[in-house]
Amino acid sequence: MNEIVEVHVEFDGRTHLAGHLRYLGKIHRQSSVFEYADSWRSYHKAFALDPANLQLTAQQHYWTSEKTALPGAIRDCAPDRWGRQLLRRAFRKAGDNRRLSELDYLLEINDYTRVGALRFMRDGESDFSRNIGQRTVPPLITLPALLNAAMAIQTDTESAEDLRLLLNEGSPLGGARPKSAVIDRTGSLAIAKFPKPDDDYSIPHGEILALVLADRAGINAAKGSLQMVGSLPVALIQRFDRMGEERIPFLSAMSLLGLQDGDRATYTDIAECIRMYSSSPTNDLHELWRRIVFGVMIGNLDDHLRNHGFLYVGNNQWRLSPAYDLNPTPRYKKARELTTWISEEGPDADLELAYRAAPYFALKPDVAKSIVAEVALALEDWHESALRLGMSQADRDIYETAISVKA
């Protein structure tokens, strides 16, 4: 297998050919070579799709590993576990039992709803793969059908229509939990996150609660709301990589660090990326440390490197994206250890570790203490916020084991 894919970027009001990706599929190993287009390199507002690993030069960028054959900036645009599951099932139902390649996963999804500003077209094609347009992305009125389809997937009872709805219209997105793209009441692109049949507490309630509390704690967080579909909760998250119809380039911290799924890094490593590439490094460093403190206090323990991102702001500079995928984890689900360590001292979700790392985030002790106090104050009445969201007493008791307001 040897395919060439055009890599485009939507930027500054139009779509530019940024380069070509040559995908090399072999029996035991896959790899790829990316090369920027001359027209993009000569464009006066051109920028590197990944300033650390795909520098804007004439040289070819070769990528291969046991985990992925795609450069991080491109891999960020492909679906994660939930989307991959949908695609595998759709191919099998169509009678195609071959093993899907990284390129298959990347190209077989809806162009309109994919993350960030990159767009892809096979060499020789005249249109972007699966570009179905905004009007076919499902509105909120279809949430019951989308939820039923997602439940069917998880109970192995899905029909071809369920897969069509989630793949062609809902479009597979990143993450492990079931979700779908939707158009919200304002006409904007959003993500609907569904419960799972085996959930023993309401994760959608917990995520929206975390976003509400993060905003109150002074954190730049994604905007979300809760929608009940019958008796089941659905979390609706606004897409922050869109401004109206404009796409905003996105890069995960995992990609910027040159890492892959399962690789370990620390918040101090992300801080180094901020120092190198942020247009406002001090503000972003303080923001990231505030997020660490918040994550420790609410038990946001699934803070892996895909759950931290950057948005391009022009002039070859990036800023921390709004915080997203914040999920308080009850103590019976996981030990109080962060997935992304605060520093090399260890994984503990511990404010003392955060305090000791504060100098890496350009923070003096008095400022660090004031941030902790502000976050603790924002969490004090979390029960009232949970009640306003309609969270049950049983779920509040469970989240009580995750959220700590002690400064």
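**Strand pairing in a predicted model**

Good morning. I begin with the N-terminal strands: strand 1, residues 2-11, runs antiparallel to strand 2, residues 14-25, and 10 bridges join the two. Please bear in mind throughout that this is a predicted model.

Within this pairing, valine 5 has leucine 21 of strand 2 as its bridge partner. The connection between the two strands is a hairpin, with 2 residues between them. One point for those who inspect backbone torsions: aspartate 12, in that turn, has a positive phi of about 60°.

Strand 2 has a further pairing to consider. Strand 3, residues 30-36, pairs with strand 2 over 7 bridges, again in the antiparallel sense. Here tyrosine 23 stands opposite serine 32, which belongs to strand 3.

When you view these strands, one general point may help: side chains in a regular strand alternate between the two faces of the sheet.

I turn now to another sheet. It is open, has 3 strands in the order 12-13-14, and its pairing is antiparallel. Which strands stand at the edges? They are strand 12, residues 250-252, and strand 14, residues 317-320. Each has a single partner strand, and therefore one side of each is left without a neighbour in the sheet. From one strand to the next, the twist averages 40°.

Let me close with the pairing of strand 13, residues 309-314, and strand 14. These strands run antiparallel and are joined by 4 bridges. Among the residues involved is tyrosine 312, whose bridge partner in strand 14 is tryptophan 318.

Thank you for your attention.

Definitions and conventions: Residues numbered from 1 in each chain as written. Predicted model: local features only at pLDDT ≥ 70, side-chain atom pairs only at ≥ 80, totals over all residues. Heavy atoms only, no water. Pairing = 2+ DSSP bridges. Axes fitted to C-alpha atoms, helices over the stretch in contact; angles between N-to-C directions.
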